[in-house]
Amino acid sequence: MEFLDPLALARWQFGLTTLYHYLFVPLTLGMGLVVAIFQSAWVRTGHTKWLQLTRLFGKIFLINFAMGVVTGIVQEFQFGMNWSSYSRFVGDVFGAPLAFEGLLAFFFEATFIGLWIFGWDRLSKRLHLATIWMAWIGAVMSAYFILAANSFMQNPVGYQMSADGRRAELIDIGAVLTNRVALATFPHTMFAAFMFAAAVVIAVAAWHLSRHRNQETMRPALRFGMWMMLISFAGVAIAGDALGLQMVATQPMKMAAAEALYNTACGPDASFSLFSLGTPDGTSEIWSLRVPYLLSFLSTHTFDGCVEGINNLNADYTQNWPMFADQLGGELPFAPVIWVTYWSFRWMMAFGAAAALVSVVGLWLTRTKAKRAVPQWAWRVAIWSAPLPKLGSLVGWVFTEMGRQPWIVFGLMLTEDGVSPSVPGWTVLISLVAFTLTYAVLAVVEFGLIRKAAQAGPEPIPEPGEGADADSDGHYTPTTVY
(Lines give C-alpha, C1' and ligand atoms only; values in the text may rest on other atoms or scores of the structure.)
Protein backbone atom coordinates (compact mmCIF):
# COMPACT_ATOMS: atom_id res chain seq x y z
CA MET A 1 0.00 0.00 0.00
CA GLU A 2 1.44 3.33 -1.05
CA PHE A 3 1.50 6.03 1.60
CA LEU A 4 -0.55 8.40 -0.55
CA ASP A 5 -2.82 5.82 -2.17
CA PRO A 6 -6.17 7.68 -2.59
CA LEU A 7 -8.21 4.47 -2.24
CA ALA A 8 -6.58 3.39 1.01
CA LEU A 9 -6.75 6.89 2.50
CA ALA A 10 -10.37 7.35 1.44
CA ARG A 11 -11.28 4.03 3.04
CA TRP A 12 -9.47 4.94 6.25
CA GLN A 13 -11.18 8.33 6.37
CA PHE A 14 -14.66 6.98 5.77
CA GLY A 15 -14.12 4.14 8.23
CA LEU A 16 -12.82 6.42 10.99
CA THR A 17 -15.46 9.11 10.54
CA THR A 18 -18.22 6.50 10.36
CA LEU A 19 -17.10 4.74 13.53
CA TYR A 20 -16.68 8.09 15.24
CA HIS A 21 -20.20 9.13 14.22
CA TYR A 22 -21.46 5.81 15.49
CA LEU A 23 -20.15 6.66 18.94
CA PHE A 24 -23.21 8.92 19.28
CA VAL A 25 -25.92 7.12 17.30
CA PRO A 26 -26.62 4.23 19.71
CA LEU A 27 -26.80 6.54 22.72
CA THR A 28 -29.25 8.83 20.91
CA LEU A 29 -31.47 5.89 19.94
CA GLY A 30 -31.30 4.20 23.33
CA MET A 31 -31.28 7.23 25.61
CA GLY A 32 -34.27 8.73 23.82
CA LEU A 33 -36.26 5.65 24.83
CA VAL A 34 -34.91 5.76 28.39
CA VAL A 35 -35.90 9.41 28.85
CA ALA A 36 -39.35 8.76 27.37
CA ILE A 37 -39.91 5.85 29.76
CA PHE A 38 -38.75 7.83 32.80
CA GLN A 39 -40.99 10.76 31.89
CA SER A 40 -43.91 8.39 31.30
CA ALA A 41 -43.35 6.94 34.77
CA TRP A 42 -43.38 10.46 36.23
CA VAL A 43 -46.59 11.44 34.42
CA ARG A 44 -48.20 8.16 35.46
CA THR A 45 -47.15 8.13 39.14
CA GLY A 46 -46.25 11.74 39.96
CA HIS A 47 -43.18 10.55 41.90
CA THR A 48 -40.43 13.14 41.93
CA LYS A 49 -37.65 10.59 41.41
CA TRP A 50 -38.83 9.87 37.86
CA LEU A 51 -38.85 13.58 37.01
CA GLN A 52 -35.31 13.91 38.37
CA LEU A 53 -34.16 10.95 36.27
CA THR A 54 -35.90 12.40 33.21
CA ARG A 55 -34.04 15.68 33.60
CA LEU A 56 -30.69 14.06 34.35
CA PHE A 57 -30.64 11.62 31.44
CA GLY A 58 -32.38 14.18 29.24
CA LYS A 59 -29.29 16.37 29.51
CA ILE A 60 -27.06 13.46 28.49
CA PHE A 61 -29.39 12.74 25.59
CA LEU A 62 -29.26 16.34 24.32
CA ILE A 63 -25.47 16.65 24.61
CA ASN A 64 -25.06 13.44 22.65
CA PHE A 65 -27.68 14.38 20.05
CA ALA A 66 -25.89 17.64 19.22
CA MET A 67 -22.61 15.84 18.61
CA GLY A 68 -24.28 13.17 16.50
CA VAL A 69 -25.82 15.74 14.18
CA VAL A 70 -22.50 17.44 13.47
CA THR A 71 -20.55 14.26 12.79
CA GLY A 72 -23.33 12.77 10.67
CA ILE A 73 -23.38 15.73 8.30
CA VAL A 74 -19.62 15.52 7.78
CA GLN A 75 -19.87 11.81 7.09
CA GLU A 76 -22.35 12.27 4.25
CA PHE A 77 -20.18 14.94 2.59
CA GLN A 78 -17.62 12.25 1.83
CA PHE A 79 -19.88 10.64 -0.75
CA GLY A 80 -19.25 13.63 -2.99
CA MET A 81 -15.67 14.29 -1.97
CA ASN A 82 -13.93 10.92 -1.87
CA TRP A 83 -16.48 8.56 -3.42
CA SER A 84 -17.90 10.44 -6.38
CA SER A 85 -17.69 7.42 -8.71
CA TYR A 86 -19.79 5.44 -6.25
CA SER A 87 -22.25 8.32 -5.90
CA ARG A 88 -22.66 8.60 -9.68
CA PHE A 89 -23.15 4.85 -10.03
CA VAL A 90 -25.69 4.29 -7.25
CA GLY A 91 -26.92 7.79 -6.40
CA ASP A 92 -30.37 7.26 -7.94
CA VAL A 93 -31.00 4.42 -5.48
CA PHE A 94 -28.84 5.31 -2.50
CA GLY A 95 -30.03 8.91 -2.43
CA ALA A 96 -33.71 8.03 -1.93
CA PRO A 97 -33.51 6.61 1.63
CA LEU A 98 -30.97 9.30 2.54
CA ALA A 99 -33.46 11.92 1.40
CA PHE A 100 -36.15 10.30 3.51
CA GLU A 101 -33.76 10.35 6.46
CA GLY A 102 -32.85 13.99 6.04
CA LEU A 103 -36.13 15.56 4.98
CA LEU A 104 -38.57 13.44 6.96
CA ALA A 105 -36.98 11.66 9.88
CA PHE A 106 -34.29 14.11 10.95
CA PHE A 107 -36.43 17.25 10.77
CA PHE A 108 -39.28 15.35 12.41
CA GLU A 109 -36.95 14.35 15.24
CA ALA A 110 -35.39 17.81 15.60
CA THR A 111 -38.77 19.55 15.67
CA PHE A 112 -40.08 17.47 18.54
CA ILE A 113 -36.80 17.70 20.44
CA GLY A 114 -37.18 21.48 20.27
CA LEU A 115 -40.75 21.23 21.55
CA TRP A 116 -39.57 18.99 24.37
CA ILE A 117 -36.76 21.36 25.39
CA PHE A 118 -38.85 24.51 25.43
CA GLY A 119 -42.25 23.06 26.24
CA TRP A 120 -41.88 22.16 29.91
CA ASP A 121 -43.80 25.17 31.18
CA ARG A 122 -45.85 25.75 28.02
CA LEU A 123 -47.42 22.37 27.27
CA SER A 124 -49.58 20.13 29.41
CA LYS A 125 -47.82 17.18 31.03
CA ARG A 126 -49.26 14.61 28.65
CA LEU A 127 -48.72 16.71 25.53
CA HIS A 128 -45.16 17.42 26.61
CA LEU A 129 -44.64 13.70 27.20
CA ALA A 130 -45.84 13.05 23.65
CA THR A 131 -43.06 15.28 22.28
CA ILE A 132 -40.25 13.12 23.65
CA TRP A 133 -41.92 9.97 22.36
CA MET A 134 -42.30 11.57 18.92
CA ALA A 135 -38.66 12.69 19.00
CA TRP A 136 -37.61 9.11 19.72
CA ILE A 137 -39.83 7.79 16.92
CA GLY A 138 -38.13 10.28 14.60
CA ALA A 139 -34.72 8.96 15.64
CA VAL A 140 -35.89 5.40 14.99
CA MET A 141 -37.18 6.38 11.54
CA SER A 142 -33.87 8.08 10.78
CA ALA A 143 -31.97 4.93 11.76
CA TYR A 144 -34.16 2.74 9.58
CA PHE A 145 -33.68 4.84 6.45
CA ILE A 146 -29.90 4.85 6.95
CA LEU A 147 -29.92 1.07 7.43
CA ALA A 148 -32.04 0.66 4.30
CA ALA A 149 -29.43 2.61 2.33
CA ASN A 150 -26.61 0.51 3.78
CA SER A 151 -28.54 -2.71 3.15
CA PHE A 152 -28.67 -1.91 -0.56
CA MET A 153 -24.88 -2.10 -0.51
CA GLN A 154 -25.13 -5.53 1.11
CA ASN A 155 -28.04 -6.84 -0.99
CA PRO A 156 -28.94 -4.61 -3.97
CA VAL A 157 -32.67 -4.72 -4.80
CA GLY A 158 -35.26 -2.45 -6.40
CA TYR A 159 -33.01 -1.25 -9.25
CA GLN A 160 -32.25 -1.74 -12.91
CA MET A 161 -29.08 -0.91 -14.78
CA SER A 162 -29.16 2.06 -17.17
CA ALA A 163 -28.99 1.48 -20.89
CA ASP A 164 -25.28 2.28 -20.96
CA GLY A 165 -24.61 0.07 -17.92
CA ARG A 166 -23.01 2.91 -15.95
CA ARG A 167 -25.71 3.57 -13.34
CA ALA A 168 -28.10 1.69 -11.11
CA GLU A 169 -31.53 3.28 -11.47
CA LEU A 170 -34.28 3.10 -8.87
CA ILE A 171 -37.42 1.30 -10.02
CA ASP A 172 -38.98 0.15 -6.73
CA ILE A 173 -38.51 2.24 -3.58
CA GLY A 174 -40.68 -0.22 -1.68
CA ALA A 175 -38.22 -3.02 -2.41
CA VAL A 176 -35.35 -0.84 -1.19
CA LEU A 177 -37.13 0.05 2.06
CA THR A 178 -38.23 -3.54 2.69
CA ASN A 179 -34.89 -5.11 1.81
CA ARG A 180 -34.63 -8.43 3.66
CA VAL A 181 -31.23 -7.36 5.04
CA ALA A 182 -32.64 -4.06 6.34
CA LEU A 183 -35.55 -5.81 8.06
CA ALA A 184 -33.09 -8.08 9.86
CA THR A 185 -30.43 -5.43 10.57
CA PHE A 186 -32.85 -2.89 12.06
CA PRO A 187 -33.93 -4.80 15.23
CA HIS A 188 -30.36 -6.02 15.77
CA THR A 189 -29.08 -2.44 15.65
CA MET A 190 -31.86 -1.06 17.85
CA PHE A 191 -31.44 -3.62 20.61
CA ALA A 192 -27.68 -3.01 20.57
CA ALA A 193 -28.39 0.70 21.04
CA PHE A 194 -30.69 -0.09 23.97
CA MET A 195 -27.86 -2.10 25.54
CA PHE A 196 -25.52 0.88 25.42
CA ALA A 197 -28.10 3.27 26.85
CA ALA A 198 -28.74 0.77 29.63
CA ALA A 199 -24.99 0.56 30.30
CA VAL A 200 -24.81 4.35 30.67
CA VAL A 201 -27.74 4.34 33.10
CA ILE A 202 -26.06 1.57 35.09
CA ALA A 203 -22.72 3.39 35.20
CA VAL A 204 -24.24 6.69 36.32
CA ALA A 205 -26.35 5.03 39.00
CA ALA A 206 -23.43 2.89 40.20
CA TRP A 207 -21.18 5.94 40.52
CA HIS A 208 -23.67 7.67 42.81
CA LEU A 209 -24.58 4.56 44.80
CA SER A 210 -20.92 3.71 45.40
CA ARG A 211 -20.67 7.10 47.14
CA HIS A 212 -23.99 6.68 48.96
CA ARG A 213 -25.54 9.59 47.08
CA ASN A 214 -29.11 9.97 45.78
CA GLN A 215 -29.96 6.40 46.75
CA GLU A 216 -33.74 6.80 46.49
CA THR A 217 -33.37 7.96 42.90
CA MET A 218 -30.41 5.93 41.71
CA ARG A 219 -31.37 2.52 43.05
CA PRO A 220 -34.47 2.23 40.81
CA ALA A 221 -32.41 3.64 37.93
CA LEU A 222 -29.78 0.95 38.47
CA ARG A 223 -32.32 -1.87 38.54
CA PHE A 224 -34.07 -0.44 35.48
CA GLY A 225 -30.79 -0.27 33.58
CA MET A 226 -29.83 -3.85 34.43
CA TRP A 227 -33.19 -5.27 33.40
CA MET A 228 -33.10 -3.21 30.22
CA MET A 229 -29.64 -4.59 29.51
CA LEU A 230 -30.75 -8.22 29.83
CA ILE A 231 -33.92 -7.77 27.78
CA SER A 232 -31.96 -5.94 25.08
CA PHE A 233 -29.25 -8.60 25.04
CA ALA A 234 -31.91 -11.24 24.43
CA GLY A 235 -33.25 -9.07 21.60
CA VAL A 236 -29.76 -8.68 20.11
CA ALA A 237 -29.24 -12.46 20.16
CA ILE A 238 -32.60 -13.27 18.56
CA ALA A 239 -32.28 -10.53 15.94
CA GLY A 240 -28.65 -11.51 15.31
CA ASP A 241 -29.72 -15.07 14.56
CA ALA A 242 -32.22 -13.80 11.98
CA LEU A 243 -29.59 -11.49 10.51
CA GLY A 244 -27.16 -14.39 10.24
CA LEU A 245 -29.64 -16.35 8.14
CA GLN A 246 -30.05 -13.38 5.79
CA MET A 247 -26.28 -12.99 5.62
CA VAL A 248 -25.89 -16.60 4.52
CA ALA A 249 -28.61 -16.14 1.90
CA THR A 250 -27.25 -12.89 0.45
CA GLN A 251 -23.51 -12.85 1.28
CA PRO A 252 -22.35 -16.40 2.05
CA MET A 253 -18.72 -15.32 1.74
CA LYS A 254 -19.15 -13.15 4.83
CA MET A 255 -20.29 -16.11 6.95
CA ALA A 256 -17.45 -18.27 5.65
CA ALA A 257 -14.98 -15.50 6.47
CA ALA A 258 -16.47 -15.14 9.96
CA GLU A 259 -15.33 -18.70 10.70
CA ALA A 260 -12.25 -18.70 8.42
CA LEU A 261 -13.89 -21.71 6.76
CA TYR A 262 -11.95 -22.38 3.58
CA ASN A 263 -13.67 -25.55 2.43
CA THR A 264 -17.37 -26.39 2.48
CA ALA A 265 -18.35 -28.29 5.64
CA CYS A 266 -21.52 -30.08 6.73
CA GLY A 267 -22.96 -31.32 10.00
CA PRO A 268 -20.36 -31.95 12.72
CA ASP A 269 -17.58 -30.62 10.50
CA ALA A 270 -19.39 -27.26 10.32
CA SER A 271 -18.28 -26.37 13.83
CA PHE A 272 -17.91 -22.93 15.34
CA SER A 273 -14.60 -22.00 16.97
CA LEU A 274 -15.04 -19.92 20.10
CA PHE A 275 -11.32 -19.20 20.22
CA SER A 276 -8.35 -20.17 18.07
CA LEU A 277 -4.58 -19.98 18.09
CA GLY A 278 -2.79 -19.88 14.76
CA THR A 279 -2.03 -17.64 11.82
CA PRO A 280 -4.34 -14.63 11.41
CA ASP A 281 -5.80 -15.90 8.12
CA GLY A 282 -6.85 -19.19 9.69
CA THR A 283 -4.80 -21.36 7.33
CA SER A 284 -2.57 -22.77 10.08
CA GLU A 285 -4.51 -23.63 13.21
CA ILE A 286 -2.51 -24.58 16.32
CA TRP A 287 -5.40 -25.04 18.72
CA SER A 288 -9.08 -24.20 18.67
CA LEU A 289 -12.01 -24.47 21.09
CA ARG A 290 -14.84 -25.66 18.87
CA VAL A 291 -18.55 -26.41 19.24
CA PRO A 292 -19.60 -29.14 16.76
CA TYR A 293 -22.63 -28.47 14.54
CA LEU A 294 -22.93 -24.86 15.77
CA LEU A 295 -21.88 -23.15 12.52
CA SER A 296 -24.28 -25.42 10.65
CA PHE A 297 -27.10 -24.46 13.00
CA LEU A 298 -26.31 -20.74 12.85
CA SER A 299 -26.21 -20.83 9.04
CA THR A 300 -29.11 -23.17 8.23
CA HIS A 301 -31.03 -23.79 11.50
CA THR A 302 -30.34 -27.46 11.03
CA PHE A 303 -27.59 -29.61 12.53
CA ASP A 304 -26.78 -31.40 9.27
CA GLY A 305 -26.72 -28.37 6.97
CA CYS A 306 -23.77 -27.42 4.81
CA VAL A 307 -21.86 -24.14 4.94
CA GLU A 308 -20.00 -23.10 1.82
CA GLY A 309 -16.29 -22.43 2.20
CA ILE A 310 -14.17 -19.51 1.03
CA ASN A 311 -12.42 -21.55 -1.69
CA ASN A 312 -15.69 -22.87 -3.08
CA LEU A 313 -17.39 -19.49 -3.06
CA ASN A 314 -14.37 -17.80 -4.62
CA ALA A 315 -14.50 -20.30 -7.48
CA ASP A 316 -18.20 -19.61 -8.00
CA TYR A 317 -17.71 -15.83 -7.92
CA THR A 318 -14.80 -16.09 -10.36
CA GLN A 319 -17.03 -17.97 -12.77
CA ASN A 320 -19.94 -15.54 -12.33
CA TRP A 321 -17.87 -12.33 -12.44
CA PRO A 322 -14.72 -13.07 -14.49
CA MET A 323 -14.16 -9.39 -15.31
CA PHE A 324 -14.04 -8.47 -11.61
CA ALA A 325 -11.81 -11.47 -10.87
CA ASP A 326 -9.29 -10.36 -13.50
CA GLN A 327 -9.37 -6.82 -12.13
CA LEU A 328 -8.77 -7.93 -8.55
CA GLY A 329 -6.20 -10.62 -9.23
CA GLY A 330 -4.66 -12.76 -6.49
CA GLU A 331 -5.39 -16.29 -5.29
CA LEU A 332 -8.65 -15.45 -3.49
CA PRO A 333 -9.78 -12.18 -5.09
CA PHE A 334 -13.30 -12.22 -3.62
CA ALA A 335 -12.34 -13.02 -0.03
CA PRO A 336 -12.24 -10.23 2.59
CA VAL A 337 -9.44 -9.85 5.12
CA ILE A 338 -10.05 -13.07 7.04
CA TRP A 339 -8.43 -12.22 10.36
CA VAL A 340 -10.48 -9.01 10.60
CA THR A 341 -13.80 -10.75 9.96
CA TYR A 342 -12.92 -13.72 12.17
CA TRP A 343 -11.99 -11.74 15.26
CA SER A 344 -14.46 -8.87 14.88
CA PHE A 345 -17.29 -11.41 14.77
CA ARG A 346 -16.13 -12.95 18.05
CA TRP A 347 -15.35 -9.70 19.83
CA MET A 348 -18.80 -8.43 18.88
CA MET A 349 -20.41 -11.33 20.73
CA ALA A 350 -17.92 -11.28 23.60
CA PHE A 351 -18.45 -7.61 24.44
CA GLY A 352 -22.22 -8.02 24.43
CA ALA A 353 -22.14 -11.15 26.57
CA ALA A 354 -19.79 -9.50 29.08
CA ALA A 355 -22.17 -6.54 29.45
CA ALA A 356 -25.09 -8.87 30.05
CA LEU A 357 -23.08 -10.85 32.63
CA VAL A 358 -22.39 -7.66 34.57
CA SER A 359 -26.13 -7.03 34.79
CA VAL A 360 -26.86 -10.59 35.92
CA VAL A 361 -24.34 -10.27 38.75
CA GLY A 362 -25.59 -6.78 39.55
CA LEU A 363 -29.21 -7.87 39.87
CA TRP A 364 -28.14 -10.61 42.27
CA LEU A 365 -25.99 -8.32 44.41
CA THR A 366 -28.65 -5.59 44.63
CA ARG A 367 -31.65 -7.84 45.24
CA THR A 368 -33.95 -6.79 48.08
CA LYS A 369 -33.05 -9.77 50.28
CA ALA A 370 -29.29 -9.38 49.86
CA LYS A 371 -27.69 -9.74 53.29
CA ARG A 372 -24.45 -7.95 52.51
CA ALA A 373 -23.68 -4.53 51.10
CA VAL A 374 -22.51 -4.38 47.51
CA PRO A 375 -18.69 -4.48 47.51
CA GLN A 376 -16.79 -1.56 46.03
CA TRP A 377 -15.22 -3.72 43.32
CA ALA A 378 -18.70 -4.48 41.98
CA TRP A 379 -19.51 -0.77 41.71
CA ARG A 380 -16.24 -0.18 39.84
CA VAL A 381 -17.00 -3.02 37.43
CA ALA A 382 -20.47 -1.58 36.79
CA ILE A 383 -19.00 1.86 36.05
CA TRP A 384 -16.13 0.73 33.84
CA SER A 385 -18.25 -1.79 31.92
CA ALA A 386 -20.26 1.02 30.31
CA PRO A 387 -18.26 0.96 27.02
CA LEU A 388 -18.76 -2.79 26.47
CA PRO A 389 -21.98 -2.60 24.39
CA LYS A 390 -20.56 0.30 22.39
CA LEU A 391 -17.39 -1.67 21.62
CA GLY A 392 -19.56 -4.60 20.55
CA SER A 393 -21.50 -2.36 18.16
CA LEU A 394 -18.34 -0.84 16.70
CA VAL A 395 -16.61 -4.14 15.96
CA GLY A 396 -19.94 -5.46 14.68
CA TRP A 397 -19.98 -2.73 12.06
CA VAL A 398 -16.33 -3.44 11.25
CA PHE A 399 -17.39 -7.03 10.57
CA THR A 400 -20.38 -5.95 8.49
CA GLU A 401 -18.46 -3.58 6.26
CA MET A 402 -15.13 -5.42 6.03
CA GLY A 403 -16.95 -8.70 5.42
CA ARG A 404 -18.54 -7.18 2.29
CA GLN A 405 -15.15 -6.45 0.71
CA PRO A 406 -13.97 -6.28 -2.02
CA TRP A 407 -17.44 -4.99 -2.97
CA ILE A 408 -18.77 -1.52 -2.27
CA VAL A 409 -22.10 -2.73 -3.71
CA PHE A 410 -22.23 -6.51 -3.59
CA GLY A 411 -22.05 -8.02 -7.06
CA LEU A 412 -22.27 -4.65 -8.83
CA MET A 413 -19.29 -2.46 -7.98
CA LEU A 414 -15.86 -3.00 -6.43
CA THR A 415 -14.68 -0.69 -3.67
CA GLU A 416 -11.67 0.36 -5.72
CA ASP A 417 -14.00 1.53 -8.51
CA GLY A 418 -16.03 3.78 -6.21
CA VAL A 419 -13.30 6.23 -5.21
CA SER A 420 -13.13 9.70 -6.76
CA PRO A 421 -10.83 9.47 -9.80
CA SER A 422 -9.50 13.04 -9.71
CA VAL A 423 -8.82 13.46 -5.97
CA PRO A 424 -5.10 13.08 -5.18
CA GLY A 425 -3.99 11.20 -2.11
CA TRP A 426 -2.37 14.18 -0.41
CA THR A 427 -5.70 16.06 -0.25
CA VAL A 428 -7.39 13.07 1.33
CA LEU A 429 -4.53 12.77 3.80
CA ILE A 430 -4.86 16.42 4.83
CA SER A 431 -8.60 16.10 5.45
CA LEU A 432 -8.06 12.77 7.22
CA VAL A 433 -5.57 14.32 9.66
CA ALA A 434 -7.70 17.44 10.12
CA PHE A 435 -10.87 15.49 10.84
CA THR A 436 -9.09 13.07 13.16
CA LEU A 437 -7.59 15.87 15.26
CA THR A 438 -10.85 17.83 15.33
CA TYR A 439 -12.86 14.78 16.29
CA ALA A 440 -10.36 13.94 19.04
CA VAL A 441 -10.92 17.37 20.59
CA LEU A 442 -14.69 17.06 20.23
CA ALA A 443 -14.60 13.62 21.84
CA VAL A 444 -12.86 15.06 24.90
CA VAL A 445 -15.43 17.86 25.09
CA GLU A 446 -18.34 15.44 24.67
CA PHE A 447 -17.07 13.07 27.34
CA GLY A 448 -16.36 15.97 29.70
CA LEU A 449 -19.86 17.40 29.32
CA ILE A 450 -21.56 14.05 29.82
CA ARG A 451 -19.32 13.20 32.77
CA LYS A 452 -20.06 16.55 34.41
CA ALA A 453 -23.81 16.11 33.97
CA ALA A 454 -23.70 12.52 35.22
CA GLN A 455 -21.65 13.30 38.32
CA ALA A 456 -23.80 16.30 39.19
CA GLY A 457 -26.69 13.90 39.55
CA PRO A 458 -30.38 14.67 39.90
CA GLU A 459 -31.25 18.29 40.47
CA PRO A 460 -33.56 19.16 43.39
CA ILE A 461 -37.14 19.91 42.43
CA PRO A 462 -38.23 23.44 43.45
CA GLU A 463 -40.77 23.75 46.21
CA PRO A 464 -44.10 25.55 45.66
CA GLY A 465 -43.50 29.24 45.19
CA GLU A 466 -39.91 28.68 43.97
CA GLY A 467 -40.45 28.42 40.25
CA ALA A 468 -42.89 25.52 40.33
CA ASP A 469 -46.51 25.06 39.37
CA ALA A 470 -48.77 22.74 41.31
CA ASP A 471 -50.76 20.08 39.51
CA SER A 472 -54.24 19.12 40.56
CA ASP A 473 -52.83 16.03 42.31
CA GLY A 474 -50.40 18.09 44.41
CA HIS A 475 -47.23 17.27 42.51
CA TYR A 476 -45.08 20.07 41.20
CA THR A 477 -43.47 20.76 37.86
CA PRO A 478 -40.51 23.11 37.53
CA THR A 479 -41.25 25.95 35.14
CA THR A 480 -37.70 25.94 33.81
CA VAL A 481 -35.93 22.65 33.22
CA TYR A 482 -33.19 23.48 30.72
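Which two residues form a disulfide, and how far apart are their sulfur atoms? They are Cys266 and Cys306, with the sulfur atoms 1.8 Å apart. Keep in mind that this is a predicted model. Searching the whole structure turns up 1 disulfide. The link between Cys266 and Cys306 is right-handed, with 105° about the S-S bond. It ties together distant parts of the chain, 40 residues apart. Here are the two partners side by side.

| Cysteine | Strand | Relative accessible area |
|---|---|---|
| Cys266 | E3 (residues 265–266) | 31%, partly exposed |
| Cys306 | E6 (residues 306–307) | 45%, partly exposed |

Now for helix H5, which runs through residues 125–154. At 1.5 Å a residue, its 30 residues should span 44 Å, and the end C-alpha atoms are indeed 44 Å apart, so the two agree. Of those 30 residues, 21 are buried, so H5 is largely enclosed by the rest of the structure.

One residue to look up in H5 is Ser142. Its relative accessibility is 9%, and because buried means under 20%, Ser142 counts as buried. The Ser142 side chain also has a polar contact, at 2.6 Å, with the side chain of Glu101.

What about the nonpolar cores? The largest has 66 residues, and the members touching the most others are Met31, Phe57, Ile60, Val204 and Met218. Helix H7 (residues 180–210) supplies the largest share of this core, 16 residues. Take Met31: leaving aside neighbours within four places in sequence, Met31 is in contact with Pro26, Phe57, Phe61, Ala197, Val200 and Val201. There's also a second, separate core of 19 residues, including Leu98, Ala168, Val176 and Val419.

How values were computed:
Residues numbered from 1 in each chain as written. Predicted model: local features only at pLDDT ≥ 70, side-chain atom pairs only at ≥ 80, totals over all residues. Heavy atoms only, no water. Helix = DSSP H or I, 4+ residues; strand = E, 2+ residues; numbered from the N terminus. Expected span 1.5 Å × (residues − 1). Buried < 20%, exposed > 50% of the residue type's maximum accessible area, 1.4 Å probe, protein only. Polar contact = N/O pair within 3.5 Å; in protein donor to acceptor, adjacent residues only side chain to side chain. Core = buried A, V, L, I, M, F, W, Y, C linked by side-chain atoms within 4.5 Å. Contact = heavy atoms within 4.5 Å. Disulfide = S-S within 2.5 Å.
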